[in-house]
Every structure is written in structure tokens, then in C-alpha cells.
Amino acid sequence: AGAATARPPQAAATAPTVLHVRTRILATLICVVQDAKPIPFPHPLIRGFSLPLMPTLPPSTLTSGAPLARATVALFLLHGRGAGGPGILALADALDVPADWAVVAPQAPRELGGSWYPHRFTAEVFDNEPWLSQALDAIAQHVAAAEASGVSSDRIVLAGFSQGACLAAEFALRNARRWGGVLVFSGGLIGPPGTVWNTDASLSDTPVLLAGSDNDPHIPLVRVEESGRAFSAAQADVTTDLHRGMQHTIAPASVEAARNLLQASKLQSSVT
């Protein structure tokens, strides 16, 4: 397939913001103290916070390939921390996706410096709220738009790198069904050490690729292994592609493994 050309960014729908009651009380108190003026950061009354209380602008989205209304497959690409849509769109080129695929690359809010959530993916889940829930809600809205356009979930591929890979993995498991594929490049399921993920719902043999290394400073190998076991317990068809000594990146061999996975799936008639 030819090189994908990104369209101008378009605004995504605003996902509902849900604040933990403790955060809501702190926000209310500070607005009272400051007479409802914008909160400078860091604020001395909030201990342990390292980012503003609430994101405001919705993420923008880049697209390439076919419009959803005419697409046979929708490929959602989620970028890593501090990156953006243009970089992750290059992954579609590397996968050589067909012209009749819609490629959708949401972008994280600018207020977080291009990050989907502020802390490590192995932090306490509350520490990454409400941003984590907003990010997952944004993905859900994009998926719903694809399904409304006639692209069923078994023709939707969720893929990402680093923080985006963690989101893709977490969203797929939380919304278990038959997906067209889940490509997790240097990422894993979200939660602190000791997390037990809900694997009651079935992924119905969804092909899942977990690609990474034994030396990634951001993604512990044990978390990749735990993610593989959780996906297997949810009846996914799991493939791992691990490389010795590699840093936090996507290996060419992992891209080839992703292509092979897609070709072996029910999407093979649409893969060049």
C-alpha cells in the first residue's frame, strides 16, 4: 500500500470527566480560597499532585486511509507519552495496511504534554485518574463511531506503543469481545504490582501480540508476562515477541510479527 497521508486534525468528542470525591473536595476548597481563579501549579494546598486537577481540551485525532464509512477494517493507533499522531501513523506504513483500511490516531491532551495519563502505568490506578478514564472513554467513542459506520469489532484492530500500548491492552481486556487484533508494542496491562485483572468475559480468540524486551526500562518483563497470562485467561490467542537487551522501542521483527498475526487472522483478505 502507498504511504498514508494524515488529514488535518479534527476535534474528538469530549469524554465525561469523573473525579474521585477526595479530588473534587480539594478542587472546591482551592477555588474558594482563590476566588475561583485559575489554579497555579503546583499549589501548596495539594500535596503529592504533579499535574493540574482537570484536563480541559479533548484530544484531536489524525486519520489516513479510507473513511470509516467505506472502510473494511479500522486500525486504531495510540501513541506513547509525549509523542503524537504523526509519529504513530508511520506504524501503519510499516504494517503496509491496505488502502481500504481506516487508520485513526487519537492524540492525547496538550495539557498533559502529550501524555494520556500522568504517572507510570504500574502506579496506583487512582493516581492516574481522571485522565486514565478519560483516555479509555475517548477510545470507546472512536470505537462506537467505527461500529456506527458499519465496521464491527472483529474488524477493529487496537494498537499502540508504550503508554498507548498500555491503553490498547487495557481497553481490549476491559471491553472483552472478538476484536480484529490487539498489537501491544512495549506495553502491558495497567495497574500496580499485584493487580488481578478481570478475565471473566471472553476475547473469543482475538489475536493479541505482546512485543517488547527483557531490558526495557519502562515496561518490566514481568508485566508483559502477566499481561500474556491475563489475555490467555480471557481466551485470547496470544503471541509474544520478546527481544534480549533491546531498549524501549519497536523492533523490526515485532512489526513483521504484527503483519504475520494480521495475515493469519480473519482480516487476511484485507492485508496486502
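Helix 6 covers residues 252–264, which makes 13 residues. At 1.5 Å a residue, a helix of that length should span 18 Å. The end C-alpha atoms of helix 6 lie 19 Å apart, so the span agrees with expectation. These values come from a predicted model.

Next, look at what helix 6 turns inward. Its buried residues are Ser 254, Val 255, Ala 257, Ala 258, Arg 259, Leu 261 and Leu 262. The list includes an arginine, Arg 259. Against what do the buried residues of helix 6 pack? Their partners are helix 2 and five strands: strand 4, strand 5, strand 6 (181–185), strand 7 (207–213) and strand 8 (237–243).

Two of those partners, strand 4 and strand 5, lead to strand 3. Strand 3 runs over residues 73–78. Six of its six residues are buried, so strand 3 is largely enclosed by the rest of the structure. Both faces take part. Val 73, Leu 75 and Leu 77 point one way, while Ala 74, Phe 76 and Leu 78 point the other way.

Strand 3 pairs with strand 4 (residues 101–106) in the parallel sense, over four bridges. Here Leu 75 stands opposite Val 103 of strand 4. How does the chain get from strand 3 to strand 4, and what is the hand of the crossover? It passes through helix 2 (residues 85–95), and this β-α-β crossover is right-handed. Helix 2 is also one of the elements that the buried residues of helix 6 pack against.

Strand 3 also pairs with strand 5 (residues 156–161). This pairing is parallel too, over five bridges. Within it, Ala 74 has Ile 156 of strand 5 as its bridge partner.

Key
Residues numbered from 1 in each chain as written. Predicted model: local features only at pLDDT ≥ 70, side-chain atom pairs only at ≥ 80, totals over all residues. Heavy atoms only, no water. Buried < 20%, exposed > 50% of the residue type's maximum accessible area, 1.4 Å probe, protein only. Helix = DSSP H or I, 4+ residues; strand = E, 2+ residues; numbered from the N terminus. Pairing = 2+ DSSP bridges. Right-handed = clockwise from strand over helix to strand, strands pointing away. Expected span 1.5 Å × (residues − 1). Contact = heavy atoms within 4.5 Å.
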